[in-house]
Amino acid sequence: MSELFDGNTSWLVGYVIGVVIVLVVVALVVPILVLARKIGNEAQLIDDSLKKSVQNTAALNGLNATNTMAINVIEGLKRGRQRLGG
């Protein structure tokens, strides 16, 4: 056992420190990767939901034209009522 600590003590300490550093880095990176995967999955769900929202609200694009037509009809009805004396 004394041969292990003679000239190789610094090597052994270096290896132990290196292993500890690697384990700490892995312990920090793994939760980040897990969280990134969860965020990616949620982002896909959000994107799918937004695409459905675009499809579901596409009809609102013609709402201005519908409003304009409704206003024209109401104004026409008012003119007709006035001409009839009402």
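The secondary structure of this protein, which I should say at once is a predicted model, comes to 3 helices and 0 strands, and if you read along the sequence you meet the pattern α-α-α. Two of those helices will come up by name this morning, namely H2, which covers residues 9–56, and H3, which covers 63–84.

Let me turn to the overall dimensions. For 86 residues, a compact globule would have a radius of gyration near 12 Å, whereas the value for this protein is 37 Å. The C-alpha trace, taken along its principal axes, spans about 120 × 15 × 15 Å. With those numbers in mind, what share of the 86 residues is buried? The answer is 0%, and the accessible surface comes to about 7900 Å², with 67% of that area belonging to carbon and sulfur atoms.

Some of that surface forms a nonpolar patch of about 930 Å², and among the residues that make it are Leu 12, Val 16, Ile 17, Val 24, Leu 28 and Leu 33. I would pick out Leu 33, which lies in helix H2 and which counts as exposed because its relative accessibility is 55%, where the cut-off for exposed is over 50%.

Now to the charges. The protein has 8 positive and 6 negative charges, and the mean positions of the two sets are 36 Å apart. In general, side chains of opposite charge can pair when their charged atoms come close. How many salt bridges, then, does a search of the whole structure find? It finds 1, and the partners are Lys 51 and Asp 47, whose side chains meet at 3.4 Å, N to O. Both of these residues sit in helix H2, 4 residues apart, which is about one turn of the helix. As for their surroundings, Lys 51 is partly exposed, with a relative accessible area of 49%, and Asp 47 is likewise classed as partly exposed, at 31% relative accessibility.

Staying with helix H2, we also find Gln 55 there, and at 61% relative accessibility Gln 55 counts as exposed. If we go from Gln 55 to Asn 41, we cover 14 residues in sequence and 22 Å in space, C-alpha to C-alpha.

Finally, where is Ala 58 found? Ala 58 belongs to the loop between H2 and helix H3, and with a relative accessibility of 47% it is partly exposed, since that class runs between the 20% and 50% cut-offs. Its separation from Lys 38 is 20 residues in sequence and 30 Å in space, again from C-alpha to C-alpha.

To draw this together, we have a predicted model with 3 helices and 0 strands, a radius of gyration of 37 Å, and a nonpolar surface patch of about 930 Å², together with 1 salt bridge in the whole structure.

Key
Residues numbered from 1 in each chain as written. Predicted model: local features only at pLDDT ≥ 70, side-chain atom pairs only at ≥ 80, totals over all residues. Heavy atoms only, no water. Helix = DSSP H or I, 4+ residues; strand = E, 2+ residues; numbered from the N terminus. Rg over C-alpha atoms; globule rule 2.2 N^0.38 Å. Buried < 20%, exposed > 50% of the residue type's maximum accessible area, 1.4 Å probe, protein only. Areas by Shrake-Rupley, 256 points an atom, 1.4 Å probe, with all protein chains shown as cover. Lys, Arg positive; Asp, Glu negative; His and termini not counted. Charge placed at Lys NZ, Arg CZ, Asp CG, Glu CD. Patch = residues over 30% accessible without salt bridge, like charges linked within 9 Å, V, L, I, M, F, W, Y side chains within 5 Å. Salt bridge = Lys/Arg side-chain N within 4 Å of Asp/Glu carboxyl O.
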